[in-house]
Amino acid sequence: MPKLTPGSWAKKLRAYAKDIPRQQNEIKKKVAFEIVVKLVELTPKDTGFASSSYFLSVGSPDKASVAVTFDKSGDASLSRVVGFLKSVKPGDTVFITNNVPYMKYLNAGWSPQAPAGFVEIAIRYGKELIQRQRIRYGV
């Protein structure tokens with residue numbers, strides 16, 4: 001094993017520190033994707049309008065978008081999310097929105113297909129994923 005000198009140790013440490021933003025960005029993208037997967041899974045489905053209307057945005061919540069095609073599987077939302085996440089950069093704040101007018105009623109338990117608070121369940125799931133990454137990386 002090569003001996004570490006102060007210079008080589010500092011070089012390795014700088015390289016590691018330089019890669020932290022990229023690693024954080026990858027974790028952010030993975031967690032955002034998994035939250036949307038959970039939301040699509042838990043969203044009650046009649047026409048598929050609600051489960052197809054999850055959108056991501058950067059900087060501020062998207063307050064206008066709703067799905068134009070309905071898909072009970074949620075594949076429309078997931079495909080859109082995958083495409084969007086490719087453009088997310090380190091430092092970006094990602095927002096997940098669903099602007100279907102009756103979403104608050106679905107989340108309140110108006111549909112027998114999903115428990116009340118399914119949005120909060122998905123958020124807790126995302127927080128658990130973040131916590132696992134913190135444990136993994138020791139932060």
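**Group meeting: salt bridges, a pocket and a surface patch**

At 38% relative accessibility, Glu-26 counts as partly exposed. I start there because Glu-26 at 38% falls between the 20% and 50% cut-offs. One thing to keep in mind throughout: this is a predicted model.

So who is the partner of Glu-26? Its side chain meets that of Lys-29 in a salt bridge. The N to O distance is 3.4 Å. Now the lysine. Is Lys-29 buried or exposed? Buried, with a relative accessible area of 16%. That value is under 20%, so Lys-29 gets the buried label. The pair therefore joins a buried lysine to a partly exposed glutamate. Both residues sit in helix α1, which covers residues 6-42. They are three residues apart, about one turn of the helix.

How many salt bridges does a search of the whole structure find? Two. The other pair is Lys-38 and Glu-41, with 3.7 Å from N to O. Helix α1 holds this pair too. Again the spacing is three residues, about one turn of the helix.

Stay with α1 and turn to the largest pocket. Its volume is about 710 Å³. The lining counts 27 residues. Which of them lie nearest the centre? Ile-27, Lys-28, Val-31, Gly-126 and Ile-130. Three elements each supply at least two lining residues: α1, strand β2 (94-98) and helix α4 (118-137). α1 gives the most, with ten residues. What is the lining made of, by class? There are 18 nonpolar residues, six polar and three charged.

Next, the surface. Trp-9, Leu-13, Tyr-16 and Ile-20 make a nonpolar patch. The patch area is about 420 Å². Take Ile-20, which is found in helix α1. Why can Ile-20 be in a patch? Patch residues need over 30% relative accessible area, and Ile-20 has 31%. On the exposure scale, that makes Ile-20 partly exposed.

Last stop, away from α1. Lys-104 lies in helix α3, residues 103-107. Is Lys-104 buried or exposed? Exposed, because its relative accessibility of 57% is over the 50% cut-off. How far is Lys-104 from Ala-116? Their C-alpha atoms are separated by 9.9 Å. Along the chain, the two residues are twelve apart.

To recap. The search gives two salt bridges. Lys-29 with Glu-26 lies in α1, and so does Lys-38 with Glu-41. α1 also gives the most to the lining of the largest pocket.

Terms used
Residues are numbered from 1 along each chain as its sequence is written. This is a predicted model: local features need pLDDT of at least 70, side-chain atom pairs count only at pLDDT 80 or more; totals for chains, interfaces and linings use all residues. Side-chain values use heavy atoms; hydrogens and water are left out. A salt bridge is a side-chain nitrogen of Lys or Arg within 4 Å of a carboxyl oxygen of Asp or Glu. Helices (H or I, at least four residues) and strands (E, at least two) are DSSP runs, numbered from the N terminus. Buried means under 20% relative accessible area, exposed over 50%, partly exposed in between (1.4 Å probe, protein chains only). On a 1 Å grid over the protein atoms alone, a cavity is a set of points where a 1.4 Å probe fits but cannot get out, and a pocket is an open set with protein on both sides within 12 Å along at least five of seven lines; lining residues have an atom within 4 Å of a point. Grid points are joined across faces, edges and corners, and a volume is the space filled by probe spheres set on the points. Ala, Val, Leu, Ile, Met, Phe, Trp, Tyr, Cys and Pro count as nonpolar, Asp, Glu, Lys and Arg as charged, and the others, Gly among them, as polar. Patches are made of residues with over 30% relative accessible area and no salt bridge: like charges are joined within 9 Å, nonpolar side chains (Val, Leu, Ile, Met, Phe, Trp, Tyr) within 5 Å. Accessible areas come from the Shrake-Rupley method with a 1.4 Å probe; for residues, only the protein chains shown count as cover.
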